[in-house]
Every structure is written in C-alpha cells, then in structure tokens.
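Me: Please take a close look at a single helix in this model, covering how the chain enters and leaves the helix and what lies against its buried side.

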Amino acid sequence: MRVYFVTSNEGKFVEVREIGKMYGVDVEWLRRRYLEPQGSDLREIASLSAKILSNEIEKPFFIEDSGLFINALKGFPGPYSSFVFKTIGNEGILKLMEGVEDRKAYFLAVIAFWDGEKVLTFEGKVEGLISREIRGKMGFGFDPIFEYNGKTFAEMGDEKNEVSHRRRALEKFFEYLRNMV
Ligand code: IMP
C-alpha cells in the first residue's frame, strides 16, 4: 500500500518511512512547505493545514504536526514548537528550565489524512522528562533534551521509533488504512 506524506522536514520523513515499513506501508515523500495556520490546538492546526493543501494536491495524502509540551511551563512551547525551536532552540529551553525540579513533558503528534473527500486525524503521545543537559547526536529537533527511560531520544536511535509520539499516531493511522483496503 502506498500513501503520500507532505513535509519539508527530512528527519520526520525518515522516521515515518521506517515506521511505514513495519506496517507494510510504502510512504512516498512529497517534499514541500505548506501554510500552517496559528492556533492553540494541534489537531485544529493539522486539520486546517490538510484542508488548505487539499486544494492543491489531487491524490490522498497526510501531514503530521507535532509539539513538545512542558509541564512546568504550562504546556509551552506546544503548538509554537517549530518557532521556538528555530529561535531559542534546545539551549533556550534548558535555560528556561534552570532550577526547575518538575521536568515532566510530553510530545504530541497529530496526523491529518486527506482521503480525497475529508480530513481524518490520529494522535499519539509519549511522556518523558526534560533533561538537564543536551545529550545524543541522533534524531532531530528537541530529541537531545527529551528523556525517555533514562536516555534522550537523540541517544536512542532507531529505538525511538518503538515508543515515540509519531509511532503511536502512525500505528493508529496505518491500522485504519489497512482496514480500508
Ligand atoms: P512541526 O510538527 O514540524 O511543526 O514541528 C514542531 C517542532 O517540534 C519542530 O521544531 C520539530 O523539530 C519539533 N519536533 C517534532 N517532532 C519531534 C521529535 O520527534 N523529536 C524532536 N523534536 C520534534
């Protein structure tokens, strides 16, 4: 089975392609940027982005929007994760977290699938901790500061794909696709 994934983020695409293989789904990359409306709800942002993109893409496709939600920062950066990563980055987050004991955080991924007629969404979440320093070289984005079972995602390599928010959302999506054919 083949499905098109629209993203400009190569790190994301590589993960999604690998997870697709586990489910027998061939994920094709439509490499392009798209308009992401601002908002406070990832599901709404992803749905709206897919809806807008559906005016330009003929075939069924999906996008994925994710964010890092930090407990002590009341869910920040959440839906603003992309901007925050580009501006203050991992060092900036660690600075904001200096002296903070509550390190709890989670990643949320929302997949929005345009099936040719409507948008369907699938969510995945993984809970972890914000590390006290940057650790690891693999992965992308906030991976070097997000700890799961003692290791950061950037130290986990392929193991990240067993437990990540993206894996959990894709699992639901690919199950859905499998039941459609
Ligand atoms: P977006 O979904 O492309 O808007 O991503 C939001 C931000 O979160 C970007 O800066 C990504 O680098 C970051 N991000 C998304 N998923 C992950 C992940 O699995 N690990 C680390 N950072 C991520």
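The reply below follows one helix from its start to the residue after its end.

Reply: This is a predicted model, and the part examined here is helix α1, residues 10–22, through which the chain crosses from strand β1 to strand β2 in a right-handed β-α-β crossover. The two strands that the helix links, β1 (residues 2–7) and β2 (residues 26–31), run parallel and are joined by six bridges; among the paired residues, threonine 7 has arginine 31 in β2 as its bridge partner.

At the start of α1, a side-chain oxygen of asparagine 9 comes to within 2.9 Å of the backbone nitrogen of glycine 11. The length of the helix can be checked against its residue count: at 1.5 Å a residue, the 13 residues of α1 should span 18 Å, and the end C-alpha atoms are 19 Å apart, which agrees.

The buried residues of α1 are Lys12, Phe13, Glu15, Val16, Ile19 and Gly20, where buried means under 20% relative accessible area. Viewed down the helix axis, the buried residues of α1 fall within an arc of 165°, so they line one face of the helix. The spacing behind such a pattern is a general one: an α-helix has 3.6 residues a turn, so residues three or four places apart point the same way. The cover over the buried residues of α1 includes both flanking strands, β1 and β2, together with β3 (61–70), α6 (160–163) and α7 (165–180).

Beyond the other end, α1 is followed by glycine 24, whose phi is positive, near 70°.

Definitions and conventions: Residues are numbered from 1 along each chain as its sequence is written. This is a predicted model: local features need pLDDT of at least 70, side-chain atom pairs count only at pLDDT 80 or more; totals for chains, interfaces and linings use all residues. Side-chain values use heavy atoms; hydrogens and water are left out. Two strands pair if DSSP finds at least two bridges between them. Helices (H or I, at least four residues) and strands (E, at least two) are DSSP runs, numbered from the N terminus. A crossover is right-handed if, with the strands pointing away from the viewer, the path from the first strand over the helix to the second runs clockwise. The expected span of a helix is 1.5 Å times one less than its number of residues. Buried means under 20% relative accessible area, exposed over 50%, partly exposed in between (1.4 Å probe, protein chains only). The arc is that of the directions from the helix axis to the C-beta atoms. Contact means heavy atoms within 4.5 Å. A polar contact is a pair of N or O atoms within 3.5 Å; within protein, one must be able to donate a hydrogen and the other to accept it, and residues adjacent in sequence count only if both atoms are side-chain atoms.
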